[in-house]
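This report describes the model shown below, which is predicted. It goes from the core to the strands and helices, and then to single residues and the ligand.

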Amino acid sequence: MSRIALITGATSGIGRATAKAFADLEYRLILCGRRQERLAELEEQLGAQTAVTTLSFDVRDWAEVSDAISSLPDEWKAIDILVNNAGNAFGMSPIQDGDIADWDLMIDGNVQGLLYVSKAVTPGMVERQRGHIVNLSSIAGKQTYANGAVYCASKAAVEAISTGMRLDLTQHGIKVTNIAPGAVETEFSVVRFKGDTERAAKVYEGFSPLTADDIADTIVYAVTAPANVTIADMTILASAQAAATTIHRK
Ligand code: 8X3
C-alpha cells in the first residue's frame, strides 16, 4: 500500500505544491486547511491521481485539531508522513510598534499549531515505530532580521522543535526533517503585508525567487531518501540570495 501523508496548510503555497508532488508519487493524502472550498477543489483535482481525504480545522485550536485527527476513519489513521507546513507571517515592524494580534497569530500558528498537530499524530507513529515528520521552518529561523523579531522567533522555535523531536523520536524509527526556505514567491508576502500586493511584489523584485514547487522537490527528496538516510536539515535559498536579507537584485 502507498504511504499516507498528512499536510497542513495544504490549500496554498508550499503545502499545495507538496500535495501535488505527493500525488505524483501516489501517496494517499490527508489535506488539511481552514478553507473548505479550496480543500474540496484540491481533493477533486488530485483525486484523479490518488486517494485523497480532507480535514478542515484551525491548527491553533487544540480541540479542533484533536477532534479532526481522531475523526479519521481507520484506513486513514496510520499516517506515515506529517508535513507541518501551516504557518504565516503577519506584519513587519520594529518591536516597539509590534501588533499584539499579529504576534499571537504567528506564535499560535507557527509554534503552537505545529505542536498541536504533532501531538495528535506522533503517538500513532511511536506505536507503529515508523514515520517521518517534515517541519517547515525558514531562513528566518536561523538568521533574525530587523522588523521581524517575532516571525523569526517563531521559526527559531520550529528549529528547536525539529531538533528536539529528532532526539525524542529517532529511537522509535521516526525521521525528522527541518526545511528552511529563503525567499519563496507564494501568498506569503501578501499575507504578511495584509493584502498590500505592491509591497509584496517588491520583495521578489529584480531576481528569480524560489517557487513553491522548488520547496516541494526538496521535501520529496527528504521523504524518498533510503531507509538508512535522514535528511535532518535543509536550507534552500534563491540563487540570488546570500542570506535572509542579502539578495542580489538586478
Ligand atoms: C520566509 C522567508 O526571508 O521572508 O520564511 O523570512 S523570509
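## Core and surroundings

The largest nonpolar core holds 67 residues, and those that touch the most other members are Ala5, Ile7, Ala19, Leu29, Leu31 and Ile215. Helix α4, residues 100-128, gives the most to this core, with 9 residues.

Ala5 is a convenient point of entry. Neighbours within four places in sequence aside, Ala5 is in contact with Phe22, Tyr27, Leu29, Asp80, Ile81 and Val83. Opposite Ala5, in strand β2, stands Leu29. The pairing involved is that of strand β1 (residues 4-7) with β2, which run parallel and are joined by 4 bridges.

Strand β2 covers residues 28-33, and 6 of the 6 are buried, so the strand is largely enclosed by the rest of the structure. Arg28, Ile30 and Cys32 point one way from β2, while Leu29, Leu31 and Gly33 point the other way; all are buried.

Strand β5 can be described in similar terms. Because 6 of the 6 residues of β5 are buried, this strand is largely enclosed by the rest of the structure. From β5, Gly131, Ile133 and Asn135 point one way and His132, Val134 and Leu136 the other way, and all are buried. Strand β4 (residues 81-84) pairs with β5 in the parallel sense over 4 bridges, and Leu82 stands opposite Ile133 in β5.

## Helix α1 and the loop after it

Does the length of helix α1 agree or disagree with the span expected at 1.5 Å a residue? The helix has 12 residues, 13-24, and should therefore span 16 Å; its end C-alpha atoms are 17 Å apart, which agrees. Of these 12 residues, 9 are buried, so α1 is largely enclosed by the rest of the structure. The buried residues are Gly13, Ile14, Gly15, Arg16, Ala17, Thr18, Ala19, Phe22 and Ala23. Among them, Phe22 also appears in the list of contacts of Ala5, and Ala19 is one of the core residues that touch the most other members.

After α1 comes Glu26, whose phi is positive. Glu26 lies in the loop between α1 and β2.

## Single residues

Most residues other than glycine have a negative phi. Glu26 has a positive phi near 60°, and Asn147, also not a glycine, has a positive phi of about 70°. Asn147 is in the loop between β5 (131-136) and α5 (149-169).

Pro123 is located in helix α4. The C-alpha atoms of Pro123 and Ser56 are 21 Å apart in space, and the two residues are 67 apart in sequence.

The table gives the exposure of these residues.

| Residue | Other C-beta atoms within 10 Å | Class |
|---|---|---|
| Glu26 | 12 | exposed |
| Asn147 | 15 | partly exposed |
| Pro123 | 10 | exposed |

A residue counts as exposed if 12 or fewer other C-beta atoms lie within 10 Å of its own, and as buried if there are 20 or more. Glu26, with 12, is therefore exposed, whereas Asn147, with 15, counts as partly exposed.

## Ligand shell

Which residues are around the ligand? They are Ser138, Ile139, Ala140, Gly182, Ala183 and Ala244. By type, the shell divides into 4 nonpolar and 2 polar residues, with no charged ones.

Conventions:
Residues are numbered from 1 along each chain as its sequence is written. This is a predicted model: local features need pLDDT of at least 70, side-chain atom pairs count only at pLDDT 80 or more; totals for chains, interfaces and linings use all residues. A nonpolar core is a set of buried Ala, Val, Leu, Ile, Met, Phe, Trp, Tyr and Cys residues joined through C-beta atoms within 7 Å. Helices (H or I, at least four residues) and strands (E, at least two) are DSSP runs, numbered from the N terminus. Two residues are in contact if their C-beta atoms, placed from the backbone, lie within 7 Å. A residue is near a molecule or strand if its C-beta atom, placed from the backbone, lies within 6 Å of it. Ala, Val, Leu, Ile, Met, Phe, Trp, Tyr, Cys and Pro count as nonpolar, Asp, Glu, Lys and Arg as charged, and the others, Gly among them, as polar. The expected span of a helix is 1.5 Å times one less than its number of residues. Two strands pair if DSSP finds at least two bridges between them.
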